[in-house]
Amino acid sequence: MSIFVYPGSFDPVTNGHLDIIDRASKLCDHLIVAVLTNSGKCPVFDREERLSLLQQVMGERENIEIRSFDGLLVHFMEEVGATTIVKGLRAMSDFEYEMQMALINKHLNPAVETLFMMADTQYSFLSSSAVRELARHGGPVEDFVPEGAVEAIRRKFKHKDAGQ
Ligand code: ADP
């Protein structure tokens with residue numbers, strides 16, 4: 001059975017992420033969407049919020065599982081018996097960092113492959129940070145994130161502003 005892992009911050013999930021999830025899930029028996037909780041970044045949405053947003057917009061999908069992980073990705077891969085890391089590439093600017101990560105992961109575990117998928121052209125400009133910036137200024141996040149996530153994102157930034 002082929003198990004792929006699609007890791008990321010998902011802070012918050014965007015239509016670009018969903019496109020990769022859809023396409024990757026057709027290439028394997030089981031896809032684990034893995035929410036990274038220990039990156040150097042300080043996320044706007046905490047672990048539970050990122051997980052539940054993903055869960056909400058994905059619904060129940062037979063071969064897709066949503067989990068969180070911390071520590072090294074290759075250790076998580078070993079723990080879940082996964083063979084392949086899925087990454088989305090938007091532009092050359094993604095490539096340099098992603099290549100470095102792929103080579104390090106290969107060094108740590110030569111059996112692990114990294115599969116790069118080109119972003120769909122309509123999402124190639126889209127990032128979670130752009131969505132956060134839009135939301136912070138009351139912009140139309142509904143153009144870029146799944147319907148089920150819009151309200152939670154708006155609410156988050158309303159509260160953030162109120163707290164400032
Ligand atoms: P971001 O870079 O937007 O903060 P993540 O760190 O959550 O997103 O990214 C997780 C994975 O999803 C990475 O492999 C990233 O390249 C990919 N990705 C992010 N946005 C898109 C998009 N719009 N289209 C395709 N892949 C994407």
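In this predicted model, the count of disulfides comes to zero. A disulfide is a covalent bond between the sulfur atoms of two cysteines. For a pair to be counted, the sulfur atoms have to lie within 2.5 Å. Among the cysteines, C28 is buried, with a relative accessible area of 8%. C42, in contrast, is exposed, and its relative accessible area is 73%.

Aromatic contacts are present, with four aromatic pairs in the structure. Such a pair is described by the distance of the ring centres and the angle of the planes. One of the four is formed by F69 and F76, whose ring centres are 5.0 Å apart. Their planes meet at 25°, which is under the 30 degrees set for stacking, so this pair is stacked. Both F69 and F76 are buried.

Another aromatic pair, F125 with F144, is edge-to-face, with 5.8 Å from centre to centre and 80° between the planes. This pair links distant parts of the chain, as the two residues are 19 residues apart. F125 lies in the loop between β5 (113-118) and α5 (128-136), while F144 lies in the loop between α5 and α6 (147-163). The two partners also fall into opposite classes of accessibility. F125 has a relative accessible area of 51% and is therefore exposed, the cut-off being over 50%. F144, at 19% relative accessibility, counts as buried because the value is under 20%.

A contact between a charge and a ring is found at F45, where the charged end of K156 sits over the ring. The distance from this charged end to the ring centre of F45 is 5.6 Å.

Notes
Residues are numbered from 1 along each chain as its sequence is written. This is a predicted model: local features need pLDDT of at least 70, side-chain atom pairs count only at pLDDT 80 or more; totals for chains, interfaces and linings use all residues. Side-chain values use heavy atoms; hydrogens and water are left out. Buried means under 20% relative accessible area, exposed over 50%, partly exposed in between (1.4 Å probe, protein chains only). Rings of Phe, Tyr and Trp (its six-membered ring) pair if their centres lie within 6.5 Å; planes under 30 degrees apart count as stacked, over 60 as edge-to-face and the rest as tilted. Helices (H or I, at least four residues) and strands (E, at least two) are DSSP runs, numbered from the N terminus. A charge sits over a ring if NZ of Lys or CZ of Arg is within 6 Å of the ring centre and within 35 degrees of the ring normal.
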